Amino acid sequence: RELQVQMREQDSNFAQHQAERDTLSEELRDARSATKRANEVHRELLQRQAADRRQCDRLQAELAAREREVDEIRTASALLAEENRDALDGQLTVARDEGVQLRRQVAQLEARCQAQAIEVRDA
């Protein structure tokens, strides 16, 4: 009789341990599945991060190229403005010189006209 009680107790303990083991096995499977999914999500995030980094690098390179173009345009514009200013200064100097020459010619013509007027009057 005592042996039967012990056997029933052992059977009960065994069934309890078996149930615990099954529960732990299920929890372990769930944990492994969750870990696997977390690893997949992490891998996807790393891939997206790498793609974003590559796109960022491309955009930064494009921005740097655009900034160089802007600098080149500014430099060219400044050079053209300086050349135009120099050309206009040269044209202004020529115009002033021509104005001075024309004033001299006008003064000479006026002097001749006066001299001729005096000759005509005296004649």
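# Reading a single-helix model

Visitor: Ala76 is found in helix α1, but how should I judge whether this residue is buried or exposed?

Guide: Please keep in mind throughout that this is a predicted model. For burial, one compares the relative accessible area with two cut-offs, under 20% for buried and over 50% for exposed, with partly exposed in between. Because Ala76 has a relative accessibility of 36%, this residue counts as partly exposed. Ala31, which also lies in helix α1, is likewise partly exposed, with a relative accessible area of 37%.

Visitor: What percentage of the residues of the protein chain count as buried?

Guide: Of its 123 residues, 0% count as buried. The protein chain exposes about 11,600 Å² in total, and carbon and sulfur atoms supply 53% of that area.

Visitor: How many helices and strands does the protein chain have?

Guide: The protein chain has 1 helix and 0 strands, and the helix, α1, covers residues 2–122.

Visitor: How do I read the overall dimensions, and what radius of gyration does the protein chain have?

Guide: The idea is to set the computed radius beside the value for a compact globule of 123 residues, which would be near 14 Å, whereas the protein chain has 52 Å. Taken along the principal axes, the box filled by the C-alpha atoms is roughly 175 × 15 × 10 Å. Pairs of residues give another view, in which separation in sequence is set beside separation in space: Ala76 and Glu98 are 22 residues apart in sequence, and their C-alpha atoms are 32 Å apart. For Ala31 and Asp11, which are 20 residues apart along the chain, the C-alpha separation is 29 Å.

Visitor: How many positive and negative side chains does the protein chain have?

Guide: There are 21 positive and 26 negative side chains, and the centres of these two sets lie 3 Å apart.

Visitor: How is a salt bridge recognised, and how many are counted here?

Guide: One looks for a side-chain nitrogen of Lys or Arg within 4 Å of a carboxyl oxygen of Asp or Glu, and by this rule the count comes to 6 salt bridges. One of them joins the side chains of Glu44 and Arg37 at 4.0 Å, N to O; Glu44 is partly exposed at 33% relative accessible area, and Arg37 is partly exposed at 43%. Another links Glu62 with Arg66, whose closest N and O atoms are 3.9 Å apart. Both of these residues lie in helix α1, 4 residues apart, which is about one turn of the helix. Glu62 is partly exposed at 42% relative accessibility, as is Arg66 at 43%.

Visitor: And which residues are joined into one network by salt bridges that share partners?

Guide: Arg37, Glu40 and Glu44 are joined in this way. Towards the end of the helix, which covers residues 2–122, Asp122 forms a salt bridge with Arg121, with 3.7 Å between the closest N and O atoms, and both of these residues are exposed.

Visitor: Which residues gather in a patch of negative charge on the surface?

Guide: Asp22, Glu26, Glu27 and Asp30 form that patch. To belong to such a patch, a residue needs over 30% relative accessible area and no salt bridge. Glu26, found in helix α1, has a relative accessible area of 46% and is therefore partly exposed.

Terms used: Residues are numbered from 1 along each chain as its sequence is written. This is a predicted model: local features need pLDDT of at least 70, side-chain atom pairs count only at pLDDT 80 or more; totals for chains, interfaces and linings use all residues. Side-chain values use heavy atoms; hydrogens and water are left out. Patches are made of residues with over 30% relative accessible area and no salt bridge: like charges are joined within 9 Å, nonpolar side chains (Val, Leu, Ile, Met, Phe, Trp, Tyr) within 5 Å. Accessible areas come from the Shrake-Rupley method with a 1.4 Å probe; for residues, only the protein chains shown count as cover. Lys and Arg count as positive and Asp and Glu as negative; His and the chain ends are not counted. The place of a charge is taken as NZ of Lys, CZ of Arg, CG of Asp or CD of Glu. Helices (H or I, at least four residues) and strands (E, at least two) are DSSP runs, numbered from the N terminus. Buried means under 20% relative accessible area, exposed over 50%, partly exposed in between (1.4 Å probe, protein chains only). The radius of gyration is taken over C-alpha atoms; the globule rule is 2.2 Å times the number of residues to the power 0.38.
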